[in-house]
Each structure stands twice: as structure tokens, then as C-alpha cells.
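Let us walk through this structure together, one region at a time. Keep the sequence and the 3D view side by side as you read.

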Amino acid sequence: MTPPRAFLLVLSGLLVLPVVAAAAPPDSAAFDRGTAAFSVRFGDEDISRRVMAVTAMPGAPVRVSAEAAPTGGYRVDAPANTLRPVSARTWRFSAPQRPGLYPVVVTDTTTGAAVRLQVFVLTPWDHDGTTLNGYRVGRYEMQARGDLARYEPPAGFVKVTAQNKDARISPNFRLEQFLCKQTDETPQFALVRTRLLQRLEQILAALNDRGHAASTLHVMSGYRTPYYNRAIGNTTEYSRHLYGDAADIFVDADDDGWMDDLTGDGRATETDARYLARLVRRRPTPGDDRFEGGLGVYDTASHRGPFVHVDLRGYRARW
């Protein structure tokens, strides 16, 4: 359960009167590019969408700043006692000790434009045993593959409840789209990385630019626990699904549970998955390696249609 929220107003770096929480973005069946009028930096993440999920460990200090923004004042709505102004455009966010969802909204007081950070404070786990608060996770490999930090066992997880599972975590995606398929019950635990959401938003925008009216992507598989990954027959101990930065996706604008006919040949086949993969290969910014990773194309099987795997392993892999 998310604790009661009191909010603070920060105008040009000065603490003043309490204000009410900013309203959540409205739901919509139409694609919304969601580009923000200015960007916000949360720790190491650059946020250029009007709403985006980020994570922090309990009690962790995180620098928040308004970047490349016009001159003027800023209002910041955040849970009580979590925010301290450093300058007119910079604040220090101290993550609450209690895991949960704590929105932080930065607003340009001149234009009214805002960026909403959906801050998930993670539930820590020391990997002692195979369950976390009764939820079966399984075992991660404790030795990071190639000694790479991105393959270290996760230090914490998003606690998913009936109250937050429908939370919008980017302009066109919700938390429940990325949950492990091992159960429909809550609470459960998951991982969703900010950069994966940014990458999926880029892919979705490219689709719409090509004339495909898709309001989101169907995430066939997002986060997987090691337990579930093995239960479905996968032997890959370092699958990026286990680390929250992989998604198996297809386009399903008609909501029939099957890849749409993207090529216009009257069929949904591997050709449509390859069409989607060509859009994934496009880099929004030449030379930007933040979204480097794996890309796989899968043909139709007896129990599912074609799809594309996308991950952010940090180096190029194709299959």
C-alpha cells in the first residue's frame, strides 16, 4: 500500500506552501508521443517524456534537475520530506524508506509544461533463499556474466499491488504489461528499466510515423523471474528478461492477441516481424549507444504469432 502523500511546492528553488498532488495523465486509446517541453535528469537517467518510471533504493539520495529548459521558475510536487532544493533547477530527492510509488512532478511555472517521474522505491532483496515476501523468484546467478554490472543480481524489485499495477510508466505503457506471467495475483515483484521504456516508446513512434495507428505495443513477455524462466524451458541463466530490460513485442492494434499485418500482404507472418525489426534497428540519434543490445525475430508457432525480441544488454546481438 502506498503511504498517504503530502506534497511540497518548490518555486525557483525556494520551499513555500503545500500543494495537492498532480493528477495522473489521462488514459487514451490514441497514440501520444508524449514528448516533454523540457527534459529532467533523475540520477543517471535523462527523461524527455512527460511521464516516465524511474527507480531508487530506500533512503537513496538522487539528484533531480531540469535540463535544457527555458528560463523561469519551477514547481516540484513530491512526497513530504523527500526533496531539498540545491539550486533553482536542481533538487536532492531522498527516497522514502518504505517501498512504493512516489510521483515527483516538475512543472515549468511559465508555460505549465510538466514532467512526471513515477518513482518506484524498490523492495530490497539479499537473495537469501528463493522467495521474496512469499513471492517465488528463484535464484539469480551471483557471479555477474563477464563481470559486467548489468548482469549483477538485482538489489531490489518493484512491488506490484492491485493499487499500482495499472500505473502509467511511460506515455503509452502501463506497469501491468511487463509483469511476469507466473501468476495474476498481487502482490508480486517485477523489474522494469527506464531505458527499456524509452526504447519501446521510440519504436512505437517509428511505427506511427510509418502510418500504423498503434497506441501501444503488445508485450508478450517482459520481466521474468528466474523460477518462471526455467519453468517454461529456458536454459539461459543470464536472460535479459530476468534483469528487466528485455521485451518480446508485437503490434496488435486490433487487440486479437496476434501480430497485425504490417506489410499489407493479407497475412501475419515472420515477414511482419522482420518489418518491425527493421524499425527497431533504426537509431533515433546516430552514435547513441545507450540503447545497444539484442534483436531477435521469431516466426509463428502453434501457440502464438510472430514477434520481435528487444533487449538492452549493452552490446550488439542479432538472431
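A residue is called buried when its relative accessible area is under 20%, exposed when that area is over 50%, and partly exposed in between. With those cut-offs in hand, R274 is partly exposed, because its relative accessible area is 39%. We will come back to R274 and its partner further on.

Before going into detail, please bear in mind that this is a predicted model. The mean pLDDT of the protein chain is 90, and 87% of its residues reach 70 or more. Residues 1-28 have a pLDDT below 50, and this stretch still has 66 contacts in the model beyond near neighbours in sequence.

A good place to start is the largest pocket. About 950 Å³ of space lies in this pocket. Its lining is made up of 30 residues, and those nearest its centre are E45, T55, R150, R193 and R195. Which elements give two or more residues to this lining? They are strand 5 (51-56), strand 15 (156-160) and helix 1 (194-209). Of these, strand 5 provides the largest share, with 3 residues. Sorted by class, the lining holds 15 nonpolar, 5 polar and 10 charged residues.

Two of the residues nearest the centre of the pocket, E45 and R195, also meet each other. Their side chains form a salt bridge, at 3.2 Å from N to O. This pair links distant parts of the chain, since E45 belongs to strand 4 (residues 45-49) and R195 to helix 1, 150 residues apart. Is R195 buried or exposed? The answer lies between the two: R195 is partly exposed, because its relative accessible area is 28%.

That salt bridge has company, as the model contains 12 salt bridges in total. Now we can return to R274, which pairs with E270; the closest N and O atoms of these two are 2.7 Å apart. Both residues sit in helix 3 (residues 270-281), 4 residues apart, which is about one turn of the helix. E270 is partly exposed, because its relative accessible area is 23%, and R274 is partly exposed as well, at 39%. Another salt bridge joins D265 and R267, with 4.0 Å between the closest N and O atoms. Here the two partners fall into separate classes. D265 counts as partly exposed because its relative accessibility is 37%, whereas R267 counts as exposed because its value is 54%.

Next, let us turn to the backbone. Most residues other than glycine have a negative phi, and most peptide bonds are trans. A few places in this model depart from that pattern. N81 has a positive phi, near 65°, although it is a residue other than glycine. You will find N81 in the loop between strand 7 (74-77) and strand 8 (83-87). H127 is also not a glycine, and its phi is positive at about 65°. H127 belongs to the loop between strand 12 (123-124) and strand 13 (131-132).

How do N81 and H127 compare in their surroundings? N81 counts as exposed, because its relative accessibility of 72% is over 50%. H127, on the other hand, counts as buried, because its relative accessibility of 13% is under 20%.

The peptide bonds offer a departure of their own. The bond from T186 to P187 is cis, with omega near 5°. P187 lies in the loop between strand 17 (173-174) and strand 18 (188-190).

Two threonines round off the tour. T90 is in strand 9 (residues 90-94), and it is buried because its relative accessible area is 9%. Which residues does T90 touch, leaving aside those up to four places away in sequence? They are R63, V64, S65 and P85.

T109, in turn, is found in the loop between strand 10 (100-108) and strand 11 (114-121). T109 counts as partly exposed, because its relative accessibility is 39%. In sequence T109 and V76 are 33 residues apart, and in space their C-alpha atoms are 9.8 Å apart.

Technical notes
Residues numbered from 1 in each chain as written. Predicted model: local features only at pLDDT ≥ 70, side-chain atom pairs only at ≥ 80, totals over all residues. Heavy atoms only, no water. Buried < 20%, exposed > 50% of the residue type's maximum accessible area, 1.4 Å probe, protein only. Contact = heavy atoms within 4.5 Å. pLDDT = per-residue confidence, 0-100. 1 Å grid on protein atoms, 1.4 Å probe; cavity = no way out; pocket = protein on both sides within 12 Å on 5 of 7 lines; lining within 4 Å. Points joined across faces, edges and corners; volume = space filled by probe spheres on them. Nonpolar A, V, L, I, M, F, W, Y, C, P; charged D, E, K, R; others polar.
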